[in-house]
Amino acid sequence: MDPVSPLEQALHAARARVLSDLAAGDVAAADVVSMVEASVVQRRWWVEQWPEGAAYVAGLVAQDVQDALLERYGRWPLCPVCGSGDPHALDVEPELGPDPHWVCHKAGVKVAAVGSLGSAAGGAAPS
Ligand SMILES: [Zn+2]
């Protein structure tokens, strides 16, 4: 019985946070979930090479999924802060660092931590 390694914990948390943000935007369809899985597989390899990067995994998975969605569906997540003007996506900051957040560069604000987009989007978070 191996205890769950910190690396697996980090990957599991990253997956959960990104899925939560996808659900907040109503885009957690089956093929989107598989994009998350594909990213987690890649990042598992990456973080095995560089265990110090475990804290960065959530931000990286979020960016991987954002890129994959852009190719297939379009921008995600759309900025919930700016009510007018062109719809635009949020960016992950830091791109490579711990404690990643979604930010709107247009308004210059941090919108939510990765994994907490649901509580920032104005809608009631599902209980
Ligand atoms: Zn914005």
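Good morning. I begin with helix H2, where Val32, Met35, Val36, Ser39, Val40, Arg43 and Val47 are buried. Viewed down the axis of H2, these buried residues fall within an arc of 135 degrees, so they line one face of the helix. I should state at once that this is a predicted model.

What lies over that face? The cover of the buried residues of H2 includes helix H1, residues 6–24, and helix H3, residues 57–72. The other side of H2 carries exposed residues: Ala30, Asp31, Ser34, Glu37, Val41, Trp45, Glu48 and Gln49.

How far apart are the end C-alpha atoms of H2? The helix comprises 20 residues, 30–49, and at 1.5 Å a residue it should span 28 Å. The end C-alpha atoms are 29 Å apart, which agrees with that expectation.

I turn now to the sheet. It is an open sheet formed by 3 strands in the order S1-S2-S3, and the pairing is antiparallel. Which strands stand at the edges? They are S1, residues 91–93, and S3, residues 109–113. Each has a single partner strand, so one side of each is left without a neighbour in the sheet. From one strand to the next, the twist averages 40 degrees.

Let me close with the pairing of S1 and S2. Strand S2 covers residues 101–104, and 3 bridges join S1 to this strand, the two running antiparallel. As for Glu93, its bridge partner in S2 is His101.

Thank you for your attention.

Definitions and conventions. Residues numbered from 1 in each chain as written. Predicted model: local features only at pLDDT ≥ 70, side-chain atom pairs only at ≥ 80, totals over all residues. Helix = DSSP H or I, 4+ residues; strand = E, 2+ residues; numbered from the N terminus. Expected span 1.5 Å × (residues − 1). Buried ≥ 20, exposed ≤ 12 C-beta atoms within 10 Å, placed from the backbone. Arc of directions from axis to C-beta. Contact = placed C-beta atoms within 7 Å. Pairing = 2+ DSSP bridges. Axes fitted to C-alpha atoms, helices over the stretch in contact; angles between N-to-C directions.
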